[in-house]
Amino acid sequence: MSLLTDIEKVRAEFDDRLQSAPAGDDSFEELRIAFLGRKGKLAGLFSQLGSVKQTERPLTGKQLNELKSYVTERLSEFQSASAEAPEVVADIDVTLPGDPVPHGSIHPVTQIENEVKAIFGRLGFSVFYGPEVETDRYNFEALNFKPDHPARDMQDTFYLGQEQLLRTHTSNNQIHAMEQMDPPLRILMPGRVFRNEAINARSHCQFHQIEGLVVDRNTSMAELKGTLTYFARELYGPDTVTRFRPSYFPFTEPSAEMDVYWGLDTERDYRITKGTGWLEILGCGMVHPNVLEAGGVDPDEFTGYAFGMGIDRMAMLKWDIGDIRYFYEGDLRFLTQF
Ligand code: DAH
């Protein structure tokens, strides 16, 4: 057992005893003698310093000195606090329960967002945030949506006058990220998005997405599949089965959607998976060369892959929440359940 370990033990013991010591001069004296006295714990440790290996001695000595000033300081704080402590009034019933202190809780959407960030964090992704108020260029044009492209109809946009709009997806961040940073990039971009949709239990005019973007010299569809399969297994468990279906997005080529096998055991499974057992959880693909170019990245040198997922629905699935509107009403009776 090294002396360093003993030092930490003595520190922990001191903290313990100090915390439980009743205020007063007697406690102070008792602790002072036990730790700083001539035959106290610290003297004991100092006497062992001679037998520590030469190479470890400077560090051990330093730690020991630190412990000594720590104990000395804490004790003198304790002494002055004791001196100021008011006399205990005998008729306070200390066994009465305290007043509850209201505390907040983490929004379910934020919880999922944090979980996703943590998983991709372990794969080396960092987090990047872009604006919610956007221009057509970042939300559509630079993402390879041509002006009359029918894909623009996929998303009902809120326009703010002529120039600006509320972003309809977090893919706008792809362009900002490429403009602001040089590749290689490996980033996760969470945020709120807006679509002019009727509000009901299943859809809302605002919701949340997390976008992912990797730009590097040798990325591939294989890496995309490996990364996203790993993600699904981290999120839903190691036995999670996934599949990729070909799809279409203007900003990726080829494009795909990833499903996880949810199961078909209960009535709820039927409802959620529309009787297929499969659940679509994200869209993805290899970044279109036009998009790389729009972001100032040379498509002859770099390739990229991207993915995007909706987190409100993930939270609804996790906690069996039947109505997306709860997320935006700020009702504490709902929020404090998570
Ligand atoms: N932006 C798409 C949406 O809002 C989601 C998406 C699909 C993002 C494919 C991507 C992607 O990055 O590669 O539905």
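The following paragraphs describe the domains, the ligand surroundings and the salt bridges of a predicted model.

Residues are numbered from 1 along each chain as its sequence is written, and side-chain values rest on heavy atoms, with hydrogens and water left out. Because the model is predicted, local features require pLDDT of at least 70 and side-chain atom pairs are counted only at pLDDT 80 or more, whereas totals for chains, interfaces and linings use all residues.

The domain assignment divides the protein into domain 1 (3-84) and domain 2 (108-335), the bounds being those of an automatic or database domain assignment. Taken over C-alpha atoms, the centres of domain 1 and domain 2 are separated by 54 Å.

The ligand is surrounded by 16 residues, of which His 169, Ser 171, Arg 195, Gln 209 and Glu 211 come nearest; a residue is near a molecule if one of its heavy atoms lies within 4 Å of it. By class, this shell holds 5 nonpolar, 9 polar and 2 charged residues, where Ala, Val, Leu, Ile, Met, Phe, Trp, Tyr, Cys and Pro count as nonpolar, Asp, Glu, Lys and Arg as charged, and the others, Gly among them, as polar. An N or O atom in the side chain of His 169 lies 3.0 Å from a nitrogen atom of the ligand, and for the side chain of Ser 171 the distance from an N or O atom to a ligand nitrogen is likewise 3.0 Å. In the case of Gln 209, an N or O atom of the side chain is found 3.1 Å from an oxygen atom of the ligand. The protein covers 90% of the 360 Å² of accessible area that the ligand has on its own, as computed by the Shrake-Rupley method with a 1.4 Å probe. Strand E6 (206-216), strand E9 (278-287) and strand E10 (303-310) are the elements that give two or more residues to the shell, with helices (H or I, at least four residues) and strands (E, at least two) taken as DSSP runs numbered from the N terminus.

Strand E6 also contains Asp 216, which counts as partly exposed at 26% relative accessibility; on this scale buried means under 20% relative accessible area, exposed over 50%, and partly exposed in between (1.4 Å probe, protein chains only). The C-alpha atoms of Asp 216 and Pro 183 are 6.2 Å apart, although 33 residues separate the two along the chain.

Side chains of opposite charge can pair when their charged atoms come close. A search of the whole structure finds 21 salt bridges, each defined as a side-chain nitrogen of Lys or Arg within 4 Å of a carboxyl oxygen of Asp or Glu. In one of them, the closest N and O atoms of Lys 53 and Glu 56 are 3.6 Å apart; Lys 53 is exposed, with a relative accessible area of 56%, whereas Glu 56 is partly exposed at 38%. Glu 77 and Arg 74 form another salt bridge, with 3.2 Å between the closest N and O atoms, and the two residues are separated by about one helical turn because they lie 3 residues apart in helix H4 (residues 57-84). Both members of this pair are partly exposed, Glu 77 at 42% and Arg 74 at 24% relative accessibility.

The salt bridge between Glu 179 and Arg 137 has an N to O distance of 2.3 Å. Glu 179 belongs to helix H7 (residues 172-180) and Arg 137 to helix H6 (residues 136-139), so the pair ties together parts that are 42 residues apart in sequence. Glu 179 is partly exposed, with a relative accessible area of 38%, and Arg 137 is partly exposed at 30%. Finally, Glu 13, Arg 17, Glu 30 and Lys 41 are joined into one network by salt bridges that share partners.

How values were computed. A polar contact is a pair of N or O atoms within 3.5 Å; within protein, one must be able to donate a hydrogen and the other to accept it, and residues adjacent in sequence count only if both atoms are side-chain atoms.
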